Amino acid sequence: MKAELQFNFIVDKEKSHITVKREFAAKRQLVWDCHTKRELLDQWFAPKPLTTKTKHMEFKEGGYWHYAMIMPDGQAFWSRLDYQAIRPIDDYAALDGFCDESGIVNPEMPRARWEVTFTDANAHTLVTTVVKYRSPDDVQKVIEMGMEEGMASTLERLDELLLTLDK
């Protein structure tokens, strides 16, 4: 990540929310595309050294993204993002959860509503993600799982991808 780009990871356990603000050195349309197109998501949506593989993607209200983050040894961690509301290129909301390879959500793991907003910030784009969990315990669980470090690493990969796309 370039030093001048904003990154904030704000935890509010009282409200069971995590807010991530991250600035990208690219125009909003390109940053939006990187968040909503499978061929682009597969290039950045995992912390290093993991990779991403999409099994299903239907970016529309009522659609979902089913994908795996894959370890170098081949172990896969499956997730599902169910899209609830979409306003291109301003924002979308989705329900996130861990699942199995067939897409069945694991009820024992925290599930959260993601509200992702894209705004212009001079020549850059600011992406604000508010992650709403059911309880402070769910927030604590994802923090202990390394969410902040994983998110920082994942968003650095998006920086790298944007450099190759924004020529």
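In the predicted model, strand β8 offers Lys 132 as the bridge partner of Arg 113. This pair belongs to the contact between β7 and β8, which run antiparallel and share nine bridges. A second pair in this ladder sets Ala 121 opposite His 124 of β8. The two strands form a hairpin with two residues between them. Within that turn, Asn 122 has a positive phi of about 60°.

Strand β8 also pairs with β2. Eight bridges join these two antiparallel strands. Here Thr 19 of the pair stands opposite Val 130 in β8. Strand β8 is mostly covered, with seven of its nine residues buried.

Ala 121 was examined further. This residue lies in strand β7. Ala 121 is partly exposed, because its relative accessible area is 23%, and the cut-off for a buried residue is under 20%. Leaving aside residues up to four places away in sequence, Ala 121 touches Glu 23 and Leu 126. Phe 24 is 97 residues from Ala 121 along the chain, yet their C-alpha atoms are separated by 9.0 Å.

The pairing continues from β7 to β6. These strands run antiparallel and are joined by six bridges. Tyr 92 stands opposite Val 116 of β7. Strand β6 in turn pairs with β5, again in the antiparallel sense, over eight bridges. In this ladder Asp 82 faces Leu 95 of β6 as its opposite residue. Three residues lie between β5 and β6, and the two strands form a hairpin.

Strand β5 pairs with β4 as well. Seven bridges hold this antiparallel pair. His 66 stands opposite Arg 80 in β5. The hairpin of β4 and β5 has five residues between the strands. Gly 74 in this hairpin takes a positive phi near 100°.

Several of these strands also contribute to a pocket. The largest pocket has a volume of about 880 Å³. Its lining comprises 34 residues, of which Pro 47, Tyr 67, Met 69, Phe 98 and Met 147 are the closest to the centre. Strands β2 (17-24), β4 (64-70), β5 (76-87), β6 (91-98), β7 (112-121) and β8 (124-132) each supply at least two lining residues, as does helix α4 (147-165). The largest share comes from α4, with five residues. By class, the lining of the largest pocket divides into 25 nonpolar, seven polar and two charged residues.

The search for enclosed space gave a shorter account. Across the whole structure, one cavity of 30 Å³ or more was found. The largest cavity has a volume of about 30 Å³. His 35, Leu 41, Phe 45, Trp 65, Leu 81, Tyr 83 and Tyr 92 line this cavity. Six of the lining residues are nonpolar, one is polar and none is charged. Tyr 92 is the residue that stands opposite Val 116 in the pairing with β7.

His 35, in the cavity lining, is also one of the buried residues of helix α1. The other buried residues of α1 are Arg 28, Leu 30, Val 31, Trp 32, Asp 33, Cys 34 and Thr 36. Helix α1 spans residues 28-36, and eight of its nine residues are buried, so the helix is largely enclosed by the rest of the structure. Arg 28 and Asp 33 are thus listed among the buried residues of α1 alongside Leu 30, Val 31 and Trp 32.

An annotation was also considered. The UniProt record, an unreviewed entry, lists residues 26-162 as "domain: Activator of Hsp90 ATPase homologue 1/2-like C-terminal". In the model, the end C-alpha atoms of residues 26-162 lie 7 Å apart. This span is 28% helix and 39% strand.

Note on methods:
Residues are numbered from 1 along each chain as its sequence is written. This is a predicted model: local features need pLDDT of at least 70, side-chain atom pairs count only at pLDDT 80 or more; totals for chains, interfaces and linings use all residues. Side-chain values use heavy atoms; hydrogens and water are left out. On a 1 Å grid over the protein atoms alone, a cavity is a set of points where a 1.4 Å probe fits but cannot get out, and a pocket is an open set with protein on both sides within 12 Å along at least five of seven lines; lining residues have an atom within 4 Å of a point. Grid points are joined across faces, edges and corners, and a volume is the space filled by probe spheres set on the points. Helices (H or I, at least four residues) and strands (E, at least two) are DSSP runs, numbered from the N terminus. Ala, Val, Leu, Ile, Met, Phe, Trp, Tyr, Cys and Pro count as nonpolar, Asp, Glu, Lys and Arg as charged, and the others, Gly among them, as polar. Buried means under 20% relative accessible area, exposed over 50%, partly exposed in between (1.4 Å probe, protein chains only). Contact means heavy atoms within 4.5 Å. Two strands pair if DSSP finds at least two bridges between them. UniProt positions are given in the numbering used here, feature names are shortened, and annotations may be inferred rather than shown by experiment.
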